[in-house]
Each structure stands twice: as structure tokens, then as C-alpha cells.
Amino acid sequence: MSRKVPNRITLTIDGREIEADEGAMLVDAAKQGDIEIPVFCYEPKLGQPVGACRMCLVEIEGIPKLQTACSTPVRDGMAVHTRTEQVKEAQNGIVEFLLVNHPLDCPVCDKGGECPLQDISMGWGNDRNRVIDEKRHFEKPVPLSPLIAIDRERCIMCYRCVRFSQEVPEDAQLQILERGDRSYIGTFSEQPYIAPFSGNIIELCPVGALTSYTYRFRARPWDIEQGGSVCTLCPSQCNVSFTIRDEQVKRVLARDNPEVDDGWLCDKGRYGFQAMYSLDRVLNPLRYEGGYPVPATWPEAIETAAAGLREAGSRTAALVGDASNEEGFIVQSIVRDALGSADVDSRRAPAADRETVVALADPAISARTIDIDTADVVLVLGTDPIHSSPAFDLRVRKAVRRNGTALAVATDRPSALDGGATEVERYAPGEAANFLIELAAAVRSGADTGVAGLLRGAEEAVVVWGERIGRGQKGPEALAALLELAGSLGFADRPESGLIEIPDVANARGLREVGCLPDAGPGLSETAKGRDVEAIRAGLESGEIDSLLLFGVDPLRDFPDTEGWRRALEAAGHVVCFSMTATETTEYADVVFPLESHAEKDGTVTHPEGRLQRVRPSAKRPGDIHPGWMVLAELSAAIGHETGINSAPEALEAITEAVPFYGGLTGERIAGRGIRWQDGQAAEDFTATLLSTTAADPVPAGVAPAAAEGSAGEDSGGAPGGIRPTESSPAGRELNDSGALTLGTYRDLWADSTTDLSPALNYLMPAQRLEVSIADARRLGLSRGDEVSVNSGETSVNARVAIRGALAEGTCFLIEGTIEDNANVFSRGEPARVEIGRPEVKLDLVAAGGDGEAGEQ
């Protein structure tokens, strides 16, 4: 469905003529005329209004009874009155009833000073209460979850929290219990409310009934200030507002940006700020002498790092991860311009080459995040957004729930979105290419059923795909088939259709576009081809690479083949590490530089849709931490290469000069909402300068014919809805015939250092588990909670069995990034086996580069 432009109508409110969109709610139209109508229950982000609190009653000419402004759509010529005696009497009565049981404890309430009930009581209530009976009492406060306390005496039953639970993440955990004046908010059986987005109900609550344990009694509104920025803990890049007291972050709130996050924030982004103040935080430069860290001055550390890099020269490589565009740009400049090397990468495993990256970045086939809202069909491919990019999960759910969007899910592992999907396809780990080849062929052949039928019949369609499908030996085929699919669906001629990638790291797109790729310079320009991340590891082990610069990466935790990376770091002659916290990786460094957190950094990042956003410093940098861009510029100068960069704006200016399609972008233009480079002249520049010099058809020879011959043939019967690669693909048949299992891995939302270092989130740290299907569990004699060992040579991972009903038979999964028994210890293609006491079952491991190995799910 195309996005419709609403008609403009004119209405009168309190004698003031106002223009508004036809169908807008009266309470929103009033705001355009600077007229405030009080509300408690109304929140547009929650969907259709419910008119529960009755605080917004107004008088409309021609209607005898008062109407709720939150649920009344405006129409042309409507005349509304908000301050008549009848309205005032009704509003006074509502406030008085709300205060009948509400405790007057504002001086000790965390909401005091920023409480809508206080404001509305002063503006629309009486100055006294006629009720002298004893108020209703509850035990207080009660832990609603490990993060949230609920004071039921303060609750005014606006239903916001319940509606959020039921209509946004759709977990339906919060309920209204009991009836009448005994009603209260809770969960069935008093189970803790544990969900990835639970913290949003604290912001939604218009009173002090829901409070955060991390902020209770920490500050008052007059003690704090707010600093707007962007969360860089995942690719969602949600807009946030940091609550600052004494130059430290005390709270993180959502900062509404409908084009990015819809105003929601996951609990990692909300509570992960505690990692900034962890005892493991690196607060000053360190030099390692004899294996022990020794504090160093900044000049000492920079000279030590520069000396090692100068000596290594072109035998230097760099890996970039948690970095802004400015930091990534200077890192690649050091490697390429100062040291004469081309070995730089920003990915955790090899994926697309330059030509494919350019083709996938084509503005003509790129979708915006808001296009998901109005798409007729959304295909989620090779990723589970709840783990990889949570805001996308909520965006897809909203499209399905509010607009009737048909959802198709195609993954190797069951996803959180399966329940609302019209079509669900499951392929074996590492077999995304086979699925995409079959799907593209089915679309070309005119199939009208299943996923292909949904896509072909859609006026507008969006494909949300995970970066991991491009990994492994079949990765190029998978991406080629994805481009073939986009071409077959005519995305280039459909302005509200296209592709959106969910990458592995937060600023993956920005780092690629500023030149942190082995075969692409700034602006995805052609350059001398260097080593990718896997070749860098091999080069370190072989001695071909002598020096390594690590910026915001932890290979020993986050990259496949942990032992291989351990050998590589041990073999390196010189390691320079930029890290926010001390890790096992930093122990192999010669010099460690402290990194800023996203609350302290000044720079830009690029959203997966191509939107540049400002990361603004809000909190004071603890210890002796310097800005990352500044340290890199000084390091480059110490090596003998002057960057000419003396400030963050100058770094952005250097980027816009080097990246043609970023041309004209400044901090002022990016501002608080960000700007997509595809929306301006830059899109034409991209087409003229890059697509014209890239092969028109990046599909490898033979891929399309193979798709045409093998996909819509006998195995699938030409019906994409019947494609089941776990059965029809060669890999799937081998599994079913041999009785062995294929092992894949995925990255859990909570399996990273942010969770480990944030006390509020510690309870969410995942322990390793082996997920198996019901059929395989029965066949192997496994029960839930059984301890098993997954072995590959001398490498072993211990896990407990988790049986998942939706998991495809013949496959099993482990978690990447756990503190103990990290599945990243496995390298690509090694066999593994599960041992359970005496029984032993061989597992064929698809790892370290296959899309099923780490589907960021």
C-alpha cells in the first residue's frame, strides 16, 4: 500500500481556526493551534485510542454530550470548545476521582516535578478534595521485575503499560487483575515482567506508579539536565536522551524519532549506561611490560604505538568495530595513507566484495525504515530482529498489527516474528543461498503462492535481511540471488519498496562507506585490494602481518575461531588496542588507549537505511580519556602523516570531501533527526560515480541459470510456498539420510559486554544452551536441561539442552558471545560432536562464515 497524503481540513477550537490532517485526533489537532487538552491514557505510539481516563472531554457543537478528544477524529468545519463550564466541571470531577485513592506523597515520589498528574491537577483540578474516607492501600513498592518497581497505590489505571505489553512487543505479560475499585496491574501468577522492552512502561506511566530501580531516589528534576544523542549499542541506532546529574549519566530515555525508532528503546539501550562506570573501564593509556599493564602518559603511549606502527609499515592491519564515522575514517587513513597498507576491515567475518556492496547500496533498491509501516509485504530474511536490531522487531510488528501487512519469515532458526507471519520458511544453517536462488527463480517464473506469491502480489514490499547471509562459501551466491530477487520484483521502479540490511555491528554501514573495507576506500571507491578479517588473522599467524591496530573490537569474544585469533595475537609483533573496557584481547596489546562511550562521544554514525545521525557528548569522560578522533589524529601525526583534523566538525568535513555521496552534509543539516544521504543530490552522485563503474549485473556467472533450473523444478513443484531447503537442498537431504545434525550459532541480544558490565542487566546474561528440535531430542534421548558437550577436535563447549518445537529437524544451535563456553571457539567447517554420557552423536558444524553460524538472531 502506498503512503497516502492526507487531506487538509479546517476546524475551529476555542474560536481559533486551525488546519489539520483529515482523520487526525482532536487532541493532536489542538496542539497545532497551541491549545492543550489534558490527557492521561492517550499515547499515539500505542495505536488506537481507548478513551479510558476521560480527562480529555470537550464540547463539540452539534453533539449534545461531551466527547473524548483523544478518540474523536477531526472533520472539516468542526467547532470545538475546551474551556466551557460544562467541560471544566467534567475535568474537575475526573481529577477529583483520580485523587480519591492517590497518595499525596509527591515530595518523596520519583515522578515529582515531572509528573503529568501534578500538572493536570494544578491546571484542571480543584484546590480541595471532598472525600475524607481512608484511601485504598497496597503493599508498596512491589518488584514488577528485577528492573521495575510498581507502587499500586499511585496507579490511576490509565492502561498505558498494559496496552504497551499487549500491542507493541505483543508479549501480553501485563494484565488488569481483579475488578472494579480492586483492579490493579500485574502479571498472571505474579511472574516477573521480563521482556526486551520492559523499561518503556516506566516512561509511559503518567504518574509515579512505575519506577526504575536504577533511578529511584537518584535525582530530582531540578538537579538534572537532558542531553540528546544516539544509542550505538546495536544497529537500530535509537535516538536517546541522557539524564545527567553531576556530569554522569543517571538515566536513559527514548527521544522520539518516528523515522528511526518510533520512540521505543530496548532495555539494553536503557540500562546499558551502567557499563560506562564499570570497574573494568579503561580510564587512561596503558603500556604492557612483561605481561603487566603499566599506566602511561598520553605522549608516551602515542609514541610507543607510533613507533611500532612505523616499524611495521605496510605489514600493518587494522580492524574496526565500535567506532564513529570520523574514527573509522581516520583509522583507514592511517593504514592506507600513513603506512601504505590496504589491510583494513570492519566486519567480523568475510562477506560481500566491493561490487556487491555498491550494488546493495544503490538508492533505487534501498528502502527506508518507515517504508515498513506501509508495505503490503515484509520479508524478514536471515535475521531475528529481536536479537540483532530490536527496534526493527517492533516496527515489523506494528506494520502487521495496524496496517495488515503480510509478513514472511525465512531463517535457519525460529524467530520471534514467526507467530505473526503469513509464511514461514526454514532453511538449514549455511543454506540461505539455496533458498534465495529458489525464491528468485519462483518469482521470475510467476509463482502465485507462498513467499514468492506474496512478494509478486504486493504493490509495495520491503526485504529486511541480515548481513550474515553473505558469509561463507555460499555467501556470494546468496547476495547475488538477493540482488536478482530485487531486480525481479522491480524495486528500482517502486519508491516505497526495497532492501534494508541489518548488519552485525551498530555502525557497519558508516564504516564501510568511509573506507573500512579491504577492497573499498572512502565512498566505496576502488582501491588496492587488501586482506579481509580472516586473511588478516592468517597473516598474523604466518608472520606476513607484523602489527595490528584494533579499534573497538574484541576478536577473542566476538569473532569466529577464538583459538585462531589467540594464536594470531600471540604471533603479532605489535598490537595497538583501543577499548572502552579491559578484556582478554587487551592483555595481548602493547599499548591500550581508552575509548569513549556513546554518551561521551562527538561524531556521526550511519543508520542501516543510510541516515547519518549525530552522536553528541552528554556526560563527562571519566579519568583521563581523550576523544577517539583526536587520539587517532595525533597518532597519525606521530607516524608522519598529518590529517589536518583538529576537531570533530573538521573530521566530518574531511569525510564529506572524500565520500562524494556525503557531499554537503554538515552537523547543522544532520541536526537532531538525522538525514538520509539518498534523499538529496547525493543519490544521483552515487549512481553517476559508482554504479556506472560497477558491473551492471554483479550476479556471478551461473547463479541465475542454476536458480532457474533447480529452484522451481521438481523439488519445489514451482511453488515457493513449498520451498523447504532443509528437505529439498543437498545439505538437508544429507542430514535426513545420515541422522546427523548441522550445528549453527546465533548472537543473543544479551550476549555481550554491555550486559556483563551493567549490574541491572546481569540477570539477563545467557548461559550456553544447545537448542534441538523435539524430534531430534526424542531420537537422541535428550531432555530439557541435560548437560551436553559439543566437541570439535580439542575444542569443547558445554551447554544445557533446550528443546524448541519450531526448530527444524536435523539442526541445532549454540549461542555466540557468552562469557563461558562461547560458540565462537569453533572455526569454519570443523566437525563437532555432542557427548551425553555414553551416547555420542556426530554434528556437522557449519561455522565461522556460514550464515547459519551466526545469524545475529
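Hi everyone, this is a short walk through one sheet and one pair of helices in a predicted model.

Let's start with the sheet. It is open and has 7 strands, in the order 15-14-27-26-25-16-17, with mixed pairing. At the edges sit strand 15 (292-295) and strand 17 (343-345), and each of them pairs on one side only. Between neighbouring strands the turn is 15° on average, ignoring direction.

Let's zoom in on one pair. Strand 14, residues 286-289, and strand 27, residues 591-594, run antiparallel and are joined by 2 bridges. Which residue of strand 27 is the bridge partner of arginine 287? That is valine 591.

Now for the helices on this sheet. Helix 8, residues 325-338, packs on the sheet and touches strands 16, 17 and 25. The direction of helix 8 makes about 170° with that of strand 16. Helix 7, residues 298-312, lies across strands 14, 16, 25, 26 and 27, and runs at about 125° to strand 27.

On to the helix pair. Two packed helices are described by the angle between their axes and the distance between the axes. For helix 13 (residues 432-444) and helix 15 (residues 475-488), the angle is about 20° and the axes are 8 Å apart. Angles under 35 degrees count as roughly parallel, so helix 13 is roughly parallel to helix 15. The crossing of helix 13 past helix 15 is left-handed.

And who meets whom there? Helix 13 brings residues including Leu436, Ile437 and Val443, while the helix 15 side includes Ala481, Leu482 and Leu485. Sorted by class, this contact has 11 nonpolar, 1 polar and 3 charged residues.

Thanks for listening!

Terms used
Residues numbered from 1 in each chain as written. Predicted model: local features only at pLDDT ≥ 70, side-chain atom pairs only at ≥ 80, totals over all residues. Heavy atoms only, no water. Axes fitted to C-alpha atoms, helices over the stretch in contact; angles between N-to-C directions. Helix = DSSP H or I, 4+ residues; strand = E, 2+ residues; numbered from the N terminus. Parallel < 35°, antiparallel > 145°, perpendicular 65-115°, else oblique. Left-handed = near helix turned anticlockwise from the far one by under 90°. Contact = heavy atoms within 4.5 Å. Nonpolar A, V, L, I, M, F, W, Y, C, P; charged D, E, K, R; others polar. Pairing = 2+ DSSP bridges.
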